[in-house]
Amino acid sequence: MASSTTPRALDQLVRDGLSSLVFAFGYQTGIVDAFINVRQPCTAEELSQKAGKKLRYIQEWLGCLVAAGIVTINEEGKYSLPFETNQLKLWGHISTVIPILSQIFPQLQNAVSHEGPEGFWYSEPFLSWINTSHSQEDLDQWSKQFLAPVLKLKPGCKFTILDFGCGYGRHTRAMAKQYPDSKIYAFDMDQVSISYANKVLSKDGPKNIEYLCKRGGQLPDDWSEKFDFIIINDVLHDSFEVDAILEEIKRVIKPDGFAVAFDPAVSSYHRNLINDKEAQLHLPFSLFTCLPTSSINSSKEGLGIGWGYERRKQKIEDHGFRVVQVGDKDIDTIQEGIVFQKL
Ligand SMILES: C[S@@+](CC[C@H](N)C(=O)[O-])C[C@H]1O[C@@H](n2cnc3c(N)ncnc32)[C@H](O)[C@@H]1O
């Protein structure tokens, strides 16, 4: 097992953080896009013109990223951004969460102190950032890679599906398109998210979706044994009422139905996190958003992403479910999804 006795160079860690912020600024303001579209290598003047931004600021931005080893410069003093476009777009978008999380500093500062509140709800800029985090291609890929193997567990294609905590409804729409003969109910307790989802639905469909504003621990009485599949995507680790949610899932799922909880593939145990890239990426989100959200209910321990795979699986089993293996992934291996069925 790896040891955590040799720490990384702290000074470089902070420099890299500053470089990420500069990169995020360039992505958010369209400088990175202009770089992608300009003929490379280019001069600072050419980039400034393409981006429609002031030359002096572009020069300083380039200087930051040349120093960081992200932008390269040749002997003629011309610049290149030597990465694949899809990588630039992926990491560019992710980097733009840095200023959003930074806005949360004061609330987190309050919550972390003994006198402060237990937690706080998501910031709308963060929820909106999540909504723009996946391209249509990513969502189609998600449907094929993660959803399809679960939905193959039951014969047929005419299902009643529940998207539990659907947020802005992006996965619901991907599901509805892939399973046009199924009826999909999707709900979230965040009214802003549901209003957005309904607005998109009224414009572009698909028509086999119904979005509702509801709380996970208090679902309608007439939903008992209604659903063939329940998809719980990035919700359990954020929730302040996991026990109530699992009880409701037990009530509303059909006896032969399947539920699947997708959460980041992070272990519950810190000894397993050493140099773990999934944890490096996801746990900071948790500190600023998932943990505070799941801590709102002061009578419960906050969960967050650090709750981890092993303890999440245990909690699901404690509620009277059997965890089901899908494909060749052993259920005791840390992964994104836990598929389960009533005992
Ligand atoms: C990280 S977002 C994921 C949204 C969506 N499933 C997706 O993948 O885009 C988590 C969502 O869970 C919702 N949520 C958390 N706890 C909930 C609860 N107890 N009842 C209903 N929704 C809840 C939040 O409002 C939020 O929209």
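## Leu 108, in between

With 18 C-beta neighbours inside 10 Å, Leu 108 counts as partly exposed, because a buried residue needs 20 or more and an exposed one has 12 or fewer. You'll find Leu 108 in helix α7. Keep in mind as you look around that this is a predicted model.

What does Leu 108 touch, once residues up to four places away in sequence are left out? Its contacts are Phe 288 and Pro 292. As for Gly 119, it sits 11 residues from Leu 108 along the chain, and the C-alpha atoms of the two are separated by 8.0 Å.

## Tyr 122, just past the cut-off

Move along to the loop between α7 (105-112) and α8, and there is Tyr 122. Is Tyr 122 buried or exposed? It has 20 C-beta neighbours inside 10 Å, so it counts as buried.

Leaving out residues up to four places away in sequence, Tyr 122 touches Leu 127, Thr 289 and Thr 293. Gly 92 is another story: it is 30 residues from Tyr 122 along the chain, with 22 Å between their C-alpha atoms.

## Two domains

How is the chain divided? There is domain 1, covering 10-92, and domain 2, covering 105-342. Taken over C-alpha atoms, the centres of domain 1 and domain 2 are 36 Å apart.

## Helix α3 and its buried side

Now for a helix with a clear inside. In α3, the buried residues are Leu 47, Ser 48 and Ala 51. They cover an arc of only 100 degrees around the axis, which puts them on the same side of α3. Here's the helpful background: an α-helix has 3.6 residues a turn, so residues three or four places apart point the same way.

What do these buried residues pack against? Their partners are α2, α4 (55-67) and β2 (79-80). Right after α3 comes Gly 52, with a positive phi near 65 degrees.

## Helix α11, checked with a ruler

Helix α11 runs over residues 191-204, and you can check its length yourself. At 1.5 Å a residue, its 14 residues should span 20 Å, and the end C-alpha atoms are indeed 20 Å apart, so the two agree.

Which residues of α11 are buried? They are Ser 193, Ile 194, Tyr 196 and Ala 197. These four cover an arc of only 160 degrees around the axis, which means that they lie on the same side of α11. They pack against α8 (124-131), β4 (183-188) and β5 (209-213). Turn to the face pointing away from that buried side and you meet the exposed residues Gln 191, Ser 195, Ser 202 and Lys 203.

## Cis bonds and positive phi angles

Before the next stop, one rule of thumb: most residues other than glycine have a negative phi, and most peptide bonds are trans. So where does this chain go its own way? Start with the peptide bonds. Gln 40 and Pro 41 are joined by a cis bond, with omega at about -5 degrees, and Pro 41 is in the loop between α2 (31-37) and α3 (44-51). Gly 205 and Pro 206 are also joined by a cis bond, again with omega at about -5 degrees. Pro 206 belongs to the loop between α11 and β5, while Gly 205, just after α11, has a positive phi of about 70 degrees.

Then there are the non-glycine residues with a positive phi. Glu 225 has one of about 50 degrees, in the loop between β5 and β6 (227-233). Asn 275 has one near 60 degrees, in the loop between β7 (253-262) and α13 (277-294). Are they buried or exposed? Glu 225 is exposed, with 12 other C-beta atoms within 10 Å, and Asn 275 is exposed too, with 9.

## Around the ligand

How many residues surround the ligand? There are 20, and the closest are Gly 165, Gly 167, Met 189, Asp 190 and Gly 216. Sorted by character, this shell holds five nonpolar, eight polar and seven charged residues.

Terms used: Residues numbered from 1 in each chain as written. Predicted model: local features only at pLDDT ≥ 70, side-chain atom pairs only at ≥ 80, totals over all residues. Helix = DSSP H or I, 4+ residues; strand = E, 2+ residues; numbered from the N terminus. Expected span 1.5 Å × (residues − 1). Arc of directions from axis to C-beta. Contact = placed C-beta atoms within 7 Å. Near = placed C-beta within 6 Å. Nonpolar A, V, L, I, M, F, W, Y, C, P; charged D, E, K, R; others polar. Domains from an automatic or database assignment.
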